[in-house]
Amino acid sequence: MKHRIERPRGMSAARVLAETLTIPAVLFLGLLFCFPLAFHQPQPHDVKLAVADPAVAHTVDSALQRQRPGGFDVTTVADARAARRAVLDRDAVAGFATRGRHAVLYVAKANGVSLDQALTTGFTRLAAHNHQRLTVTDAAPTVSKDGLGTTLVYFAMAWNVPGYILATTLLRAVTFNRRRKVMTIAGVAALFSVVGFFVGEGLGFFPGSPAALAIAFLLTTAVATFSLGMAPFVKQFFPLVGLGLYVVLSVPSSGLVPVQLLPRFFQDLHAVMPLGNAVDALRGVLYFDGAGVLKPVLVLCAWITAGTALLGLDAWRHHRTAVRRGAEDEQEDVPEPPVEDPTVEAPAPTALPVHPHHFGELLPMLEGTVRDGEQQPIHRAAVTVMDAGGRQLVRTATNARGEYAVTGLPEGYISVVVSFPGRHPLVHQKLLQSGVAVRADFTLHDRRTGASTPLAAQRLGLG
């Protein structure tokens, strides 16, 4: 037989449609505005430049401010060597020095070729105005297959978005407790980092530095752990928050367009989002001898810490609820309580067909059988699952063997109500915990014979 889930009573078609379209509509608007604003005609914003000689620095600063107000942040260094060192130390994205009619611009293609082009264009114009010949020197060149200096962003995306998808699939792994889910995240992150690194290094997309393995591992772990931790708190908005964080906000601020050419809003996002910080760290370990790596690594660790804290907070919240209700998993036979409108949980409570588990299918969190006094299965007995507040979560019916199964239920106490025409209804109260599958079996006795268990009879006022 087919299991069915009843639509909550009183929920109009307009409300269902509104809830269905909210997430796609918000994501549509986010993509519509964020990507064009970030990628359309990028211009310099607070680009840090190191210029040798204070007099030259003042002249360069004045000229650049006339060209692009607020576009450049000029600092003075001692000489040309210090200007080049500032680029390699990532204290500046370009260095400039002059000697007579000769000028040198130090850039780093590893920061992105579009940034190099913007700097070269501006300083070529400046040198021509001063009747100087400009030489452009690449202090941090990329490998030959990374002509645009953006390949690291694509690899970082491969370690970023799958971390979020991993968290969504772990939400379905209802027989895994939090510890096993965190261990799974660590194992998958290690596998992804190793495979991605050897593919990138083996095909010549970036230099072979083992430190990149650690950055890749931290990125996948940070995204997956934080996503798993936030899921119980954002509930049905989990896809919106996840895609908003890791796609809508992360991709424009990732460094696909050099950060120095992005508007201030996306520069600020780059400073805190895991994808952008991972790209910064990868560039540091692969092209800048580790310069500027500490800060992005700390940001990635902060995301992991926040995700772990959310997992702990959710565990403490459910433990407190269990203690308040009496921390023992007791089975009670009580009269059938009233049914109210359901709550919306993530994942959604769902009735499952009862058969041997197939790969990729949802695993039941709650299952059981319904039998009569002679231990024969009862077909089409109504099974209703409610939360601690008496609100209906899901409703289904037993199959020909008297079996039922449900998944997607929240942690904490639930009530399972079973009824069938002509028989005494029963309720079992169960405590659901992460990673533990629970059984609730029922024996329904015939009203006409008056047969009932002593406890059920007492609770129903029949004894």
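This tour moves through the model one selection at a time, and says what is found at each stop.

**Confidence**

Colour the chain by pLDDT before anything else, since this is a predicted model. The protein averages a pLDDT of 85, and 87% of the residues score at least 70. Then select residues 327-346, where the pLDDT is below 50, although this stretch has 62 contacts in the model beyond near neighbours in sequence. Residues 452-463 also have a pLDDT below 50, and there the model shows 19 contacts beyond near neighbours in sequence. Where pLDDT is low, the predicted coordinates should not be read in detail.

**The sheet of 5 strands**

Next, display the open sheet whose strands run in the order S2-S1-S3-S4-S5, with mixed pairing. At its edges stand strand S2, residues 72-77, and strand S5, residues 133-138; each has a single partner strand, so one side of each is left without a neighbour in the sheet. From one strand to the next, the twist averages 25°.

Stay at the S5 edge and add strand S4, residues 102-107, which pairs with S5 in the parallel sense over 6 bridges. To find one position in this pairing, pick His102, whose bridge partner in S5 is Arg133. Now bring in helix H2, residues 54-67, which packs on the sheet and touches strand S1 (47-52), S2 and strand S3 (94-99). The direction of H2 makes about 175° with that of S2.

**Helices H6 and H7**

Select helix H6, residues 178-202, together with helix H7, residues 211-234; their axes come within 8 Å and cross at roughly 145°. The crossing of H6 and H7 is right-handed. On the H6 side, the residues to show as sticks include Ile185, Ala189, Phe192 and Phe197, while those of H7 include Leu213, Phe217, Thr220 and Leu228. Which classes of residue make up the contact of H6 with H7? By class, the contact has 13 nonpolar, 4 polar and 1 charged residues.

**An aromatic pair**

The structure holds 11 aromatic pairs. One of them, formed by Phe155 and Phe205, is tilted, with 6.0 Å from centre to centre and 50° between the planes. Following this pair along the chain leads to distant parts of it, for Phe155 lies in helix H5 (residues 151-172) and Phe205 in the loop between H6 and H7, 50 residues apart.

**Arg178 and its surroundings**

Return to helix H6 and centre the view on Arg178, which is found in that helix. Arg178 and Gly312 are 134 residues apart in sequence, yet their C-alpha atoms are 9.1 Å apart in space. Leaving aside neighbours within four places in sequence, the residues in contact with Arg178 are Leu311, Asp314, Ala315, His318, Glu411 and Ser434.

**The sheet of 4 strands**

For the last stop, display the open sheet of 4 strands, which has the order S9-S8-S11-S12 and antiparallel pairing. Its edge strands are strand S9, residues 392-397, and strand S12, residues 426-432, each of which pairs on one side only. Neighbouring strands of this sheet are turned by 20° against each other on average, direction ignored. Within it, strand S11, residues 412-419, and S12 pair in the antiparallel sense over 7 bridges. Which residue of S12 does Val416 stand opposite? Selecting the two together shows Val416 opposite His428.

Key
Residues are numbered from 1 along each chain as its sequence is written. This is a predicted model: local features need pLDDT of at least 70, side-chain atom pairs count only at pLDDT 80 or more; totals for chains, interfaces and linings use all residues. Side-chain values use heavy atoms; hydrogens and water are left out. Two strands pair if DSSP finds at least two bridges between them. Axes are lines fitted to C-alpha atoms, for helices over the stretch in contact, and angles run from 0 to 180 degrees between N-to-C directions. Contact means heavy atoms within 4.5 Å. pLDDT is the predictor's confidence in each residue, from 0 to 100. A crossing is left-handed if the near helix is turned anticlockwise from the far one by less than a right angle, and right-handed if clockwise. Ala, Val, Leu, Ile, Met, Phe, Trp, Tyr, Cys and Pro count as nonpolar, Asp, Glu, Lys and Arg as charged, and the others, Gly among them, as polar. Rings of Phe, Tyr and Trp (its six-membered ring) pair if their centres lie within 6.5 Å; planes under 30 degrees apart count as stacked, over 60 as edge-to-face and the rest as tilted.
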